[in-house]
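Subject: Handover of a structure, with notes

Dear colleague,

I am passing on the structure below, and I would be grateful if you could read through it alongside the notes that follow.

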Amino acid sequence: MDYLWLENLLVHHISEGRATNVAGDADGYGTELLSFLPKSPNAILSDVTVKSTTYIDNHNGFHDSMGHFDVVSYSYSVSGGQYEGSRNVTVQDSLFQNTDLWALVLESYTGNVIHNNFVHNNTQYCFAGAVAGAIVVAENVTWQYNEFSENVRAGTSPDGEHLDFEAFNHNDTVMFNSFHDSDGPAILISNETYSAGNPLNFNFHDNVFYNNAQNTNTSVGDQPANFWWFYPGTQPTGQITSNAYYNLTGVINYPSNTTGVTISGNHDLSVTTETKGTNYALTATATASSNNASAGNVNDGNLATTWSSATGSNEWLELDWTSSVTLNELEVDQAGSSSINNYAVQYWDASASLWRTVFTSLRSMGTTKYMPTYPFTTTKVRLLINTTASGVATIAEFKAYNVAR
Ligand SMILES: [Ca+2]
C-alpha cells in the first residue's frame, strides 16, 4: 500500500488500555500503521504523510510499526539483518499531547523525516515509563525542529525521557530540536539485549537542552539529564556534537561510560549568565489582541512600563520586523500579579504560510521566563497567552535574542 496522507485531523480520547499499566503497548493507538511479516511488497506501507494533525488524550499516539514486534515477550526479530516496516514516512506540524505511553513512535525502514512537531506534556503509565518519542528498529530517520517539552515520568518508572532510541536503530540523525523540562534523561539510547550483532549508530547535533531533570530512581544506575545510554549488547557508535546545554543545578549530561561515542563542541550555558547580545524586540513593532494602544510598552526596554490583556485567556502579543531576523531565545518579563500558566511562542514561516510553535508550556511562567530554542528566521513572533491562573496578563517586556552558542 502506498501514498497515505493524513492532514488536519483531531485524534483524541483513544482510550483502550489507558492508565491500566497493561503488559504490552498494543492498545489504544490514535493511528497505527502495521507492516506485516512475512515480508511482502504489498504489506509494506510506503510514502505516508501526517501533517497538521493533533493527537491528544490518547493511550498511544502515532505508531508506525514493523510487523515483528512480539508484545508478549517484548522482543524483536530481524531476519537476515534486514529492517522492515514502513518507508518514507513524514510527520510534520503536528501536536502530540497528554499521551499515556508512546506519543510518536517510528519503527520504520528508511527515508523518514520527522519535523516541526510538538511532543508535549505526555504522561506514561506502562512498563517503559515516560517515552514521548521513540525510534525502534529505524534506519535513516531524521528528527529536526521538533519541540519535546514537559514530558512526565510516571511514579517509580525507570525512564522519563523525551526521546527513546531503542534497538536496531541505524544511521539516525537528531538535529536542531528543543528538549526542555523532562522528568528524566532527555534522550535514552539503548540497544537492549535483543540487538546483539546489529549496528546502533546515531548523530545528535545542534539541539538545545533546557531544564531537564535527572531521574533519581537508582535501580537502573546513573541517569544524566540529557543523554543516558546502556548497552548490554553490542557497543554502538555515535556522535554528540554542537549541542547547547542549559542545565538545572547539579545535573550532568552523560553517563559515566562514554566509550564508542564521540562527544565534541557542546556548550554548557546558563540563561541567567550568558551574553544575550542584541534584544531584537527593540526594533520591532508590537501589537496585541486587546489593549493594542499600550502594546509598545513590551518592547521599550523599560520594566516599569507594561501591557495588560483585556481578559485572562486566548490573548496574544506579537512582534513584527520590517526585515527578517534570526532568533534562538525569547524572554518574557511578567509584571505585578500576572499569572500566565498556559502559553506558547510561535514564529511566522512565510514559505509555508503558517505559524510554527517553538516553545510550549502548561506551567506557571514565573516573573522572568527564558525560552531558549533552536534557531529560526522570521519577520514576526507572537506569544500565545492561553490562560492565566487568575485575572489578566500583564507583561513588562517581550525580548528576542540570537544568543551566541
Ligand atoms: Ca516595558
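Which residues does I187 touch, not counting residues up to four places away in sequence? They are E161, H162, L163, F165, F204, N226 and F227, where a contact requires that the C-beta atoms of two residues, placed from the backbone, lie within 7 Å.

Before going further, please note that this is a predicted model, in which local features need pLDDT of at least 70 and side-chain atom pairs count only at pLDDT 80 or more, while totals for chains, interfaces and linings use all residues. Residues are numbered from 1 along each chain as its sequence is written.

As an overview, the secondary structure of the protein chain comes to zero helices and 34 strands, both taken as DSSP runs numbered from the N terminus, with at least four residues (H or I) for a helix and at least two (E) for a strand. Of the 405 residues in the protein chain, 48% are buried; a residue is called buried if 20 or more other C-beta atoms lie within 10 Å of its own, exposed if 12 or fewer do, and partly exposed in between, with C-beta atoms placed from the backbone. When contacts in the protein chain between residues at least 6 apart in sequence are considered, 77% of them join residues at least 24 apart.

I187 also appears in the largest nonpolar core, which has 44 residues and in which I187, I189 and F209 have the most contacts. Such a core is a set of buried Ala, Val, Leu, Ile, Met, Phe, Trp, Tyr and Cys residues joined through C-beta atoms within 7 Å. Strand β11 (residues 102-106) supplies the largest share of this core, namely five residues. There is also a second, separate core of 34 residues, which includes A288, W307, V392 and I395.

F209 links to another site, since its C-alpha lies 9.7 Å from that of D268 although the two are 59 residues apart in sequence. D268 itself lies in strand β27 (residues 267-269) and counts as exposed because it has 9 C-beta neighbours inside 10 Å. Leaving aside residues up to four places away in sequence, D268 touches Y245 and N247.

Turning to strand pairing, for which DSSP must find at least two bridges between two strands, β24 (residues 237-241) runs parallel to β21 (residues 201-205), to which five bridges join it, and it pairs in the parallel sense with β26 (residues 261-264) over four bridges. T241 stands opposite H205 of β21 and also opposite S264 in β26. In β24, G238 and I240 form a covered face, whereas T237, Q239 and T241 form an uncovered one.

Antiparallel pairing is found around β33 (residues 368-388), which is joined by 15 bridges to β30 (residues 313-334) and by seven bridges to β31 (residues 340-349). V332 has K369 as its bridge partner in β33, and I340 stands opposite T388 in β33.

Finally, two residues that are not glycines have a positive phi of about 55 degrees, N8 and F176. N8 is found in the loop between β1 (2-7) and β2 (10-12) and counts as exposed because it has 10 C-beta neighbours inside 10 Å. F176, in the loop between β18 (172-175) and β19 (178-180), counts as partly exposed because it has 19 such neighbours inside 10 Å.

With kind regards
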